[in-house]
Amino acid sequence: MAIFEVDHLSLHYLTRFGQKIHAVTDVSFTMEKGKILGIAGESGCGKSTLVNGLMGLFIPPLYPTSGDVRVAGESLMNRSPKDIRENVLSRKVSMIPQGAFNALNPTRKVKDIAADVMSAHMKGIDKSHIYDRLRERFDLFGMDTNKVLNSYPIQLTAGERQRSVIGISTLLNPQMVIADEPTSALDVTTQKVVIKLIFDLLEKGIFSTMIFITHELPLLRHVAHDIAIMYAGEFVEVGTTEQIVFDPRHPYTKALMGAMLSAEPGQRQRKPTAIEGAPPNLANAIQGCRFADRCPAARAECKVNKQEIRIVGERQVRCDYAQ
Ligand SMILES: Nc1ncnc2c1ncn2[C@@H]1O[C@H](COP(=O)(O)OP(=O)(O)O)[C@@H](O)[C@H]1O
Ligand SMILES: [Mg+2]
């Protein structure tokens, strides 16, 4: 059975001037337990907005336009942020955020930040028992547990902070973890430590199902079973990692692979060949293909005809001409 189901999810921001920004449009996918889905796309394509929608967390100016998200059959839509925080986050869906520094309250020690998460969900449990559980969990992370738990976030290295955030996000063994660019602010060495930590937690069964979001497509090669490519708020290609990385069919996926691969470590310091042009303004209604203006294979019809997801080469592609 699918543990996570997303049906035609569309989300918008409502600006102060009453303008709607359609940041996510018609996203659908399902995930089986134990799967890792990577989501990749340029900055601004709607990844973080989607994350909020996937947690059912709607804080103005973000609103659901339509669609549904279900965790183990339970819908997360039409629920208050209070309900979501108390009954869904940490236990059912947990997010490892972008930028660990901002995710930790600077005025509290790590052990107290973590204890708050646990005690909110385990009413009546005493403090010393909570600290025991915390120590046990943090011992898995290859850090000086006592030092880390008794420190304020500012006293930790970037790597210790990010590991602490991951530890706190997964304390309650959530059914589903969503990591939103968890390594993007880190140096290469720390990135590796963090990726290894995520794999250790998966191996130890602390969580089993994960969405890993990044703007660096190559990173997903070693992480994800499946990959969804996002462009201007839409999924444009969804397939296995093998299909997306070695045999992309959508012109945007091809461009993204070209732009990224040349920037991989070991291939010298070549700058990625940026994809020319910019994504469309999501405040305007978009008639045809959203990538048409930047697509090397675009035809006149592409600017007029709405592109629907279809199956090409056993994966989903949103392009009438992909083969
Ligand atoms: N609070 C907001 N109000 C209006 N538009 C927003 C807001 N936050 C993000 N956006 C817009 O939504 C789009 C998607 O942003 P985001 O989800 O942060 O993308 P990503 O995470 O892929 O970089 C962007 O065009 C961004 O400008
Ligand atoms: Mg983001």
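The legends below describe close-up views of a predicted model.

**View 1. The whole chain of the predicted model, with its helices and strands.**
The chain holds 10 helices and 12 strands. Its radius of gyration is 20 Å, close to the 20 Å that the globule rule gives for 323 residues, so the chain is as compact as a globular protein of that length. Taken along the principal axes, the C-alpha atoms fill a box of roughly 70 × 50 × 40 Å. Of the 323 residues in the chain, 40% are buried, and among the contacts with a separation of 6 or more, 62% join residues that are 24 or more positions apart.

**View 2. The shell of residues around ligand 1.**
Ligand 1 is surrounded by 14 residues, of which Tyr13, Ala23, Lys47, Ser48 and Thr49 are the closest. Two elements, strand S2 (20–32) and helix H1 (47–54), each supply at least two residues of this shell, and H1 gives the most, with three residues. By residue class, the shell around ligand 1 divides into six nonpolar, seven polar and one charged.

**View 3. The open sheet that contains strand S2.**
Four strands form this open sheet in the order S2-S1-S4-S5, and their pairing is antiparallel. S2 and strand S5 (74–75) are the edge strands, each of them pairing on one side only. At the S5 edge, strand S4 (residues 62–71) and S5 pair in the antiparallel sense over two bridges, and the bridge partner of Val71 in S5 is Glu74. Strand S2, at an edge of this sheet, also supplies at least two residues of the shell around ligand 1.

**View 4. The pairing of strands S6 and S7.**
Strand S6 (residues 93–96) has Val93 and Met95 pointing one way and Ser94 and Ile96 pointing the other way, and all of these residues are buried. S6 pairs with strand S7 (residues 176–180) in the parallel sense over four bridges, and in this pairing Met95 stands opposite Ile178 of S7.

**View 5. Ile178 and the largest nonpolar core.**
The largest nonpolar core has 82 residues, and those with the most contacts inside it are Ile178 and Ile229. When its neighbours within four places in sequence are left aside, Ile178 is in contact with Val51, Leu54, Val93, Met95 and Ile211. Of these partners, Val93 and Met95 point the same way from S6, while Val51 and Leu54 are contacts of Ile178 whose numbers fall within the span of helix H1 (47–54).

Note on methods:
Residues numbered from 1 in each chain as written. Chains lettered and ligands numbered in written order. Predicted model: local features only at pLDDT ≥ 70, side-chain atom pairs only at ≥ 80, totals over all residues. Near = placed C-beta within 6 Å. Nonpolar A, V, L, I, M, F, W, Y, C, P; charged D, E, K, R; others polar. Pairing = 2+ DSSP bridges. Rg over C-alpha atoms; globule rule 2.2 N^0.38 Å. Buried ≥ 20, exposed ≤ 12 C-beta atoms within 10 Å, placed from the backbone. Contact = placed C-beta atoms within 7 Å. Core = buried A, V, L, I, M, F, W, Y, C linked by C-beta atoms within 7 Å.
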